[in-house]
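Reader: I'd like to learn how to read aromatic pairs and helix packing in a model. Could you walk me through it?

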Amino acid sequence: MTTGSRATLYVGIASLALPSADEGADHAPVRTVTDAALLVADGHIVAAGPRVDVEAQADQTKRVDLGGCAVVPGLVDSHTHLVFAGSRADEMERRSRGETYEQIAQAGGGIVRTVEAVRHTSDEELLRLAEARLAAMLARGVTTLEVKSGYGLTVHDELRMLRVARRLGTKVPLDIRTTLLAHVIPIARRVEREAYVHELCEELIPQAAAEKLADYIDVFVETGAFTADDARTIVHAATSLGLRAKVHVDQLRDSDGAALAAELGALSADHLEFVSATGRAHLARAGVVATVLPGCALFLGKGPWPDGRALRDAGCEVAVATDYNPGSSMVRDLGLCATLAATRCGLTVQEALWGITRGGAKALGLFDRGTLAAGERADFVVIEADDWRALLYEAGHARVQAVYVGGRRVVPTSHATRRSPRSTRH
């Protein structure tokens, strides 16, 4: 029996989504329980499942009636570029007239424009802009979020971005993880590639590690960015100092990036629009989470959608993330990305929900969230519907009534009043 004033029993859950701990082919990615309940104490899940079973474990607890809503675990967005400045709306217009992302970049647009905007924006303004974006994502159910650097391209400005990202974690009530991203080589430094990589490994990475500014290292391996050998050097320098590896690979062409991710023991390989069957097999054997980013194909309006079905059928665990950034995925609705994963990338609705909950958590090496199992963080989202699938079905319009992080309600009812929770004692 659970007693004490810090325990809360949530009932009135018409549909409770319980993702599996691992996305194996021999079981459903998500188990759905109707007439369900959650028991929470000290910020963690005590029990989740059928109401009669959970109620039997509760004694003298606060009781909250969610009024027939659906509940899913807190969403985990494992790939974002949230800290940036400036607009590239004109590039969207240019693409609509037929220019490609690569052509725009070669003409001086793309990432370098955002780099210039970041360099001319104060830390306080970067923080203000990021806070506003983050508030919108939290309101849509995101409770854990990864934020990358990568728009600084100098030691000074990359550290600035990471410090802003770390400060975000003190300003908003969700869990933020930070990534030092080796994004591209500045145009002026491309004739001295080895010197730039050396600077990353000998100056930037050690400083970021010493200040505990980054949890992960990420490298964009692509023509015009970093080579596989560059990635090996950068990742080895970072992992020797305690950072964990993630890689951007096989986005614009098959460059054996998936095999590289497996070789490096990366937590995740992200993008994978052009990954080969051999690459998928490498990821599966190495246990590298395959992260698909459908917001890119939606926003850029070209190229193949990532093939989540082929990845899963090859034995990969598949996460889904937004890749929220000003150039190639100005999309910050993770639920919408899950819808796209189910309608354009070959995943089932259950697999897509797994990808934005447990899958996102595993892509970040986090095993204390994403399934609502006993002992996990009490991060969950209340949806004003009697079926959790409304989160994907009502694409971009699912009504999030409340968001809880560590058992604390951080997004109260705003536009939804018909099913406001009712609290009592029993």
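Author: Let's go through rings, charges over rings and a helix pair in turn. Keep in mind that this is a predicted model.

Reader: Fine. What describes a pair of aromatic rings?

Author: Two things: how far apart the centres are, and the angle between the planes. Here the count comes to five aromatic pairs. Take Tyr196 and Phe226: their ring centres are 6.5 Å apart and the planes meet at 20°, so this pair is stacked, given that planes under 30 degrees apart count as stacked.

Reader: And where do Tyr196 and Phe226 sit along the chain?

Author: Tyr196 belongs to helix α7 (residues 193-210), while Phe226 is in the loop between β8 (216-220) and α8 (228-239). They are 30 residues apart, so the pair links distant parts of the chain.

Reader: Is Tyr196 buried or exposed? And Phe226, buried or exposed?

Author: Tyr196 has a relative accessible area of 3%, so call it buried. Phe226 has 1% relative accessibility and counts as buried too; the cut-off for buried is under 20%.

Reader: Let's try another one. How are the rings of Phe380 and Tyr404 arranged?

Author: They're stacked, at 4.4 Å centre to centre with 10° between the planes. Phe380 is in strand β13 (residues 380-383) and Tyr404 is in strand β14 (residues 400-405), so the pair ties together parts that are 24 residues apart in sequence. Phe380 is buried, at 0% relative accessible area, and Tyr404 counts as buried at 4%.

Reader: Which residues form one aromatic cluster with Phe380 and Tyr404?

Author: Tyr10 joins those two in the cluster.

Reader: What about charges? Which residue lies over the face of Phe84?

Author: That's Arg133, at 3.6 Å from the ring centre. You can look for a lysine as well: Lys246 has its charged end over the ring of Tyr216, 5.9 Å from the centre.

Reader: Now the helices. How do the axes of α9 and α10 run relative to each other?

Author: For a helix pair, look at the approach and the crossing angle. Helix α9 (residues 257-264) and helix α10 (residues 277-286) have axes that come within 7 Å and cross at roughly 15°. That angle makes α9 roughly parallel to α10, since angles under 35 degrees count that way. Their crossing is left-handed.

Reader: Which residues meet between α9 and α10?

Author: On the α9 side you'll find Ala258, Ala259, Ala261 and Ala262. They meet Gly279, His282, Leu283 and Ala286 of α10.

Definitions and conventions: Residues are numbered from 1 along each chain as its sequence is written. This is a predicted model: local features need pLDDT of at least 70, side-chain atom pairs count only at pLDDT 80 or more; totals for chains, interfaces and linings use all residues. Side-chain values use heavy atoms; hydrogens and water are left out. Rings of Phe, Tyr and Trp (its six-membered ring) pair if their centres lie within 6.5 Å; planes under 30 degrees apart count as stacked, over 60 as edge-to-face and the rest as tilted. Helices (H or I, at least four residues) and strands (E, at least two) are DSSP runs, numbered from the N terminus. Buried means under 20% relative accessible area, exposed over 50%, partly exposed in between (1.4 Å probe, protein chains only). A charge sits over a ring if NZ of Lys or CZ of Arg is within 6 Å of the ring centre and within 35 degrees of the ring normal. Axes are lines fitted to C-alpha atoms, for helices over the stretch in contact, and angles run from 0 to 180 degrees between N-to-C directions. Angles under 35 degrees count as roughly parallel, over 145 as roughly antiparallel, 65 to 115 as roughly perpendicular and the rest as oblique. A crossing is left-handed if the near helix is turned anticlockwise from the far one by less than a right angle, and right-handed if clockwise. Contact means heavy atoms within 4.5 Å.
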